[in-house]
Amino acid sequence: PFPVVDIFDNNGNLAISMGSEMFSTNNRLNQKVYQITDNLTYYMDKHTLTAGFNYERFQFENSFNLFYYPWDMFFSVDDFLNNTTDGVDFNAQVAASQQNDYIWSDVDVAQFALYVQDEFQVNDKLNLTLGLRMDIPIYYNTLENTAAVQVASGFEGWVDETGASAQINPANWPAAKILWSPRFGFNYDIKGDKTMQLRGGSGIFSGRVPFVWLGNQSSNTGINPGYTFQVNATESDFRWPQVWKNNLAFDWKFAKGWLASFEGMISSDINAVVHRNYNMLPPSGKLTGADNRAIFAGFNEQNIYSASAGSIGFLEAGAIVLDNTDEGHQYSFTTKLSKKWDCGFNVTAAYSYLDSKDYTSIPAEIAADAFQRNPIVGNPNDPALSWSRYGLQHRVIATAMYRVEYGRFATSFAMFYELAKGNRYSYVYAGDLNNDAIANNDLLYVPRSSSEIHFGTVTNGVATPAADATSQWNALDAFIEQDPYLSTRRGQYAERNGATLPWFSQLDLRILQDVKINDGGKRDHVLQFSLDILNVGNLISSNWGVRQFARTYTPISVTGVDNTNTPYFKFDTGLEESFVDDISVNSKWQIQLGIRYSF
């Protein structure tokens, strides 16, 4: 039991964290899941008809007590040692916190589906599959309509992402909307001998919303007097996620046992999930200079409720509303080549390319974090379509296996190799450039020359240029030039998740030794010994199999914006390289020994 204590360095970056973990105090999740499925299949001459239903019910009891103990921030080590910020008494904070009850929230929701499918064998070469599925969410529990909820639902100042007047009612779950999912697939044996096969399909697929976001609403339904971190609600017409998927593939068996496959997939979001803040007006100001992004003119724009005359307290993170967007797509292509020999040796090699973009990759389970951690230029309620943070852009996989049997023994060797690139991240400023009261979510503007960036400090709207501005620019210019992503974005904004980590590779080795033990029965008993060496290249050379990660996502710190809306910055002249070796277990070889008895 201790407060969360963060100490920042002179550049505004978090340097030291200590105390209790703010997300873990009495963090409990009790869940019950019930599922009933029943299918009926009817066989005809050329048709196989299937109809059925699926019912799943999810019951969650969640205790999540964010900031149960206070969060204390100090802006230098001396500040902490001298405790000059507030004269904080940590023991008194703990004693006061422990007078509060733990928060519990409940979510009781179900998904019911009906579906029908027809597998139509048109002839010996062509097979078609037609199907239709209907899903509908069911919300069983109700949320208490307390006085705090009535404050939130009765406030008339909320606005949607366009700035238009809006209303929210955190005590209401969204309407139960039917999700229709038609699907079509085919499989065509071109020659009729299964050596050349064309297959594909198109359809809509429905998923479940991560229920923790419904739990957010159950936990944070109202505004209490004094201080409220966030209010959570859901748009009345919110729909569970849906995506339209299309694929086309060609499989070819040739020569003696060779198999080649080529497959392309295109997906488009229909009901992707996004978080918006209805406590935030669109920004009315603009920066001056090459970077003329929109900025918030003041507190009344970034926090409508707390700036209003009728507020009963401070609403920090806003009114975060769960909504849908249809922006987002995924393109992928995969090709694979494999061969199996009679002697027990077989190999496979495959390459995949992925292009995936979305409105937000939602990098958090807490609604406010999901909104605030989405990097943007200007208005957090209006993010741009950009790269998804998930998935590797390039990936090569290769395997080789060999098994030989002799007498009561068998020895197997297997190798797995991966070469990949595409772990994505965003370059943002350290600090709050657009004055939205959110730190580290503003994408960088990458200057072309020293005339497009100002180094210095700002006090009461008056700027003081840095004495070493030339040195800072020379260091920043060199850093941009050596960075494989930033060097391509001169005069432009960095894209959300536009940067990628360097290529990485790893080779794994497995050796199996089987010993058959005859017991006189119908089945053999087998004793198997295994040796796994993960990242075997690193065992051979310490320079192999080493991964890298970004040295920093926030290379430039915001020091202020002057009276003319000109921003000023600071750059650490000691920052020279974008990447640093990952010294975690990801870059280390590991050995595992195993024994298994099969009977």
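Two strands are said to pair if DSSP finds at least two bridges between them. In the predicted model described here, this criterion underlies the description of two open sheets, which are treated before a buried helix, a nonpolar core and a pocket.

Within one of these sheets, A233 stands opposite V321 in β18. The two strands concerned, β11 and β18 (residues 319-325), run parallel and are joined by four bridges. The sheet as a whole is open and consists of three strands in the order β11-β18-β14, with mixed pairing. Because β11 (231-234) and β14 each have a single partner strand, they stand at the edges, and one side of each is left without a neighbour in the sheet. On average, neighbouring strands of this sheet are turned by 30 degrees against each other, direction ignored.

Another open sheet is formed by three strands in the order β2-β1-β5, and its pairing is likewise mixed. Its edge strands are β2 (14-19) and β5 (71-74), each of which pairs on one side only. Here the average turn between neighbouring strands is 15 degrees, direction ignored. Strand β1 (residues 4-8) pairs with β5 in the parallel sense, over four bridges. Among the residues involved, I7 has F74 in β5 as its bridge partner.

Helix α4 (residues 211-219) is largely enclosed by the rest of the structure, because seven of its nine residues are buried. A residue counts as buried when its relative accessible area is under 20%. In α4, this applies to F211, W213, L214, G215, N216, Q217 and S218.

The largest nonpolar core comprises 28 residues, and those with the most contacts inside it are Y427, Y429, L476, L486, I556 and F571. Two or more residues of this core are supplied by each of β25 (445-446), α8 (469-482), β33 (556-561) and β34 (567-571). The largest share, five residues, comes from α8.

The second largest pocket has a volume of about 470 Å³. Its lining contains 24 residues, of which V243, D269, Q330, S356 and D358 lie nearest the centre of the pocket. The elements that give two or more residues to this lining are β12 (242-254), β13 (258-269), β14 (272-277), β19 (328-340) and β20 (345-358). Strand β14 thus links two parts of this account, since it gives residues to the pocket lining and also belongs to the sheet β11-β18-β14. By class, the lining of the second largest pocket has 10 nonpolar, 11 polar and three charged residues.

Definitions and conventions
Residues numbered from 1 in each chain as written. Predicted model: local features only at pLDDT ≥ 70, side-chain atom pairs only at ≥ 80, totals over all residues. Heavy atoms only, no water. Axes fitted to C-alpha atoms, helices over the stretch in contact; angles between N-to-C directions. 1 Å grid on protein atoms, 1.4 Å probe; cavity = no way out; pocket = protein on both sides within 12 Å on 5 of 7 lines; lining within 4 Å. Points joined across faces, edges and corners; volume = space filled by probe spheres on them. Nonpolar A, V, L, I, M, F, W, Y, C, P; charged D, E, K, R; others polar. Buried < 20%, exposed > 50% of the residue type's maximum accessible area, 1.4 Å probe, protein only. Core = buried A, V, L, I, M, F, W, Y, C linked by side-chain atoms within 4.5 Å.
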